[in-house]
Amino acid sequence: MNRREFGALATSALALGVMPFRASADETCQSPYMPMITGHEEYVYIWTLGVEGMGDEQDKMVTVDLRPDSATRGQVIHTLSVGGRNEAHHAGFNSDRRYLWAGGLDTNRIFIFDVHSNPAEPRLHKTIDTFVKDSGGCVGPHTFFALPGRMMITGLSNDDDHGGRTALVEYNDEGEYVATYWMPTADDMQGAVAVDGAVADGYGYDIRALIRKNIMLTSSFTGWSNYMMDFGQMLQDQEAMKRFGGTMVQWDLHTRQPKKVFSVPGAPLEVRFPWGPNANYAFTSAALTSKLWLIYEDDAGEWQAKAVADIGNPEDIPLPVDISLSADDQTLWVNTFLDGKTRLFDVSDPHNPKQVYEKQIASQVNMVSQSWDGKRVYFTSSLLGNWDKKGADDQQYLKAYDWNGTELVETFQIDFYEAQLGRAHLMLFGSAALYS
Amino acid sequence: MWRPGHRLVGLRGACAGVFLACAAPAFGSDGQQPLYAEAPIDPARCAVEDDSQGWAARALNRSLTPQLGLPAVPHPADNAPSIEKIELGRKLFFDRRLSINRTMSCAMCHVPEQGFTTWELQSAVGVEGRSVKRNSPTILNSAFLNPLFHDGRDVALETQFVAPLVARNEMANPSAGWVVAFLNRDDDYIGMFQQAFGADASLDRLGQALAAYQRTLVAGDSPFDRWRYGGDGTALDQAAARGFDLFTGKGECVACHLVGDQDAMFTDHAFHDTGYGFMREDQRQNPPKTTRVQLAPGVFVDVDFAHVAAVSAVREADLGRYEVTEDPADRWLFRTPTLRNIAMTRPYMHDGALNTLRDVLDFYNRGGPGHPGQSPLIRPLGLSEAELDDIEAFLNSLTSPNLDCLAAEARSHPPDNH
């Protein structure tokens, strides 16, 4: 199936209100429009921040071999430097999974890697330098969420004041700009309704969609001025600390219209929908207030938001960051950056999550990715270039574990500083089997 | 569609529930509603009766015509202002390409809708998020300042831009010449330099254009100016008038923040050790055991400072004027800032660590920390809360009515960003 056929099929299915590729992702948070990897993930692509004085100092896409029988399993087999330090952050495949889009939160450059010609050696296919101009002033391309033939990108900031007001920006798979959708604000709700007194702050962060319910959810973080500045300096800056998002927005997936604004104070970050056919909810974690939130459809068919669990001791600011929901919707990995721990929550009752496991991964931990069967869990370390810990606690790594149901058992790790690579951030799985 | 002019209108709305410490109009000790209301700066509110000549012509006229309460703008003999220079200077000021990674412009730290400073950070953030140890000063009325910068390290707008252009923690260009070479490769700039100067871009001309634009950012004619210099006895309310009496009397503020018979710049252009710089350096070297952090509106925690230090780069010391002169007598001296539009240029002090005018007034009312080198001008004042209210009301009367239009002119074209 070529790209256009796939896109057309997915678009048709969307129009019918069904989910065509329900089990169509390996790592469980990927766009449901995307083809899946059958079997073991073969590679992990790690979008890595360059560090001054280390290696070639540039941001790079690092490829690590995960093939079980490979002589180079657990080793870096390829790196591709892109020039400069762009504040490499998140990345996402397009809907046919042949291209990997990766953003720079500082320079606003978007790098599109070809991962299908040789999945072991991604090559740079195209660079978009015009994101700010295209979008009419959106800054900080963050989440890349695949829609059929399209890429929906969340921004974090804007070109006027570099605060948190921002937008969703849509491109097509060819890398051509399509449209900008500014986040609703209290003074320009764009038809959205504020739930329970929520004040629309216009901030953005992550985006995910529940296709059969025709909704997208976006979360909210902070603007360029904050995400680029020294973390400790920011914590002591009372003005800066006032400028974090405290809302989530429910959108109409088809029309891209905002429908509801929920109050979710404390910077809600990653959004994760379950896969169950009757599971009408999503999780997010509020980073600053260290709470797990549930955004759910109530018995009356209305979507609501409520805090359902603390993550660690909120007064210690453990700073929950990435979360990963298992494919069976029963468990949720939650990483907390500042204490370097991962926690597993039993979310079989999503309204009453219970922590069932905890493990220290390192001095700091950010991203977590699990295989579709949940048996392998991977962790990386970097949050933001100027937010990572300093000195000896600035450990940068990829760590791979097997999950046996009761314990994480390490299988390998790569020290990204020892390897002169930089700060390891987002992980995405690849496989040559997709393109054979 | 969200547009620049809508942004700060939105901020007003957000103040209701998100940003707890948004500024509100100050009321005098008698609770009287002030005649001047502090409000966010909004380019959309700028109403121009006759726009036939364009914004740059209005700006040129403004830089040539003294405003109430201000002296004439001093234009150097070798840099007479022109419409072409002003248009070029504005474009340069907003051009993000004039930094090593094509991300930072001057306007990123001097945001028009935030009084040409930034309200959202205590101290500035430069290329790749590198920390700047000082608060971004407003460039409003910088035409009248000499020397420039908190430490007075430069003396002219024509030359001050070089330091931020190449500072590693600001725009981080590899050299000033590299920037000039870029300007001479860009078709837009080639034409604009020819129109403004009849010559190619050069370092001198770059500075002259930026200076010409900044000399249009003059803002007087405040309620105080109309009251003191315009003969309008109704322009100040009673609280602000009492505040002015305290400012010039019991508070002794006027000793450094000068007020003349014909005009007032509210600065003596001199350097003083108020004790604040020493106090902040002492706090840097001896941090508190905990620091209070706001996690969400109304949600605060006291965090062990060790946790903060774990994610903190080492903050630079700041010795103020000494860093320019290397004279030990100049340690912790900083230039007296103007107070014009002070309500629109928070946060305060050279490192932005005081968030409200009341915080500043409280600092001076206490007489500073009282370290041995502190200026004798800084001593306990014994001002009551009601008197502090009145001084604050007076300070809020120093806001000019043309800030919306200065921001509108600044936003007359979108920034160059790719």
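Student: What makes β27 and β30 of chain A the edge strands of the open sheet?

Tutor: In this predicted model, the sheet has 4 strands in the order β27-β28-β29-β30 (chain A), paired antiparallel. An edge strand pairs on one side only, and that holds for β27 (368–370) and for β30 (408–415). Neighbouring strands of the sheet are turned by 20° against each other on average, direction ignored.

Student: How do you know that β29(A) and β30(A) pair?

Tutor: Pairing requires at least two bridges between the strands. Strand β29 (residues 397–403) of chain A and β30(A) have 7 bridges, in the antiparallel sense. Therefore they count as paired. As for single residues, W403(A) has L408(A) in β30(A) as its bridge partner.

Student: Why are the buried residues of α14(B) said to line one face of the helix?

Tutor: The buried residues of helix α14 (residues 357–366) of chain B are L357(B), L361(B) and Y364(B). Seen down the axis of α14(B), they fall within an arc of 65°, so they line one face. Their cover includes α15 (385–395) of chain B. Just after α14(B), G367(B) has a positive phi of about 85°.

Student: Which residues make the contact between α3(B) and α7(B)?

Tutor: From α3(B) come E84(B), K85(B), E87(B), L88(B) and K91(B), which meet M192(B), F193(B), Q195(B) and A196(B) of α7(B). By class, the contact has 4 nonpolar, 1 polar and 4 charged residues. The helix axes are 8 Å apart, at an angle of about 145°, and the crossing is left-handed.

Definitions and conventions
Residues numbered from 1 in each chain as written. Chains lettered and ligands numbered in written order. Predicted model: local features only at pLDDT ≥ 70, side-chain atom pairs only at ≥ 80, totals over all residues. Axes fitted to C-alpha atoms, helices over the stretch in contact; angles between N-to-C directions. Helix = DSSP H or I, 4+ residues; strand = E, 2+ residues; numbered from the N terminus. Left-handed = near helix turned anticlockwise from the far one by under 90°. Contact = placed C-beta atoms within 7 Å. Nonpolar A, V, L, I, M, F, W, Y, C, P; charged D, E, K, R; others polar. Buried ≥ 20, exposed ≤ 12 C-beta atoms within 10 Å, placed from the backbone. Arc of directions from axis to C-beta.
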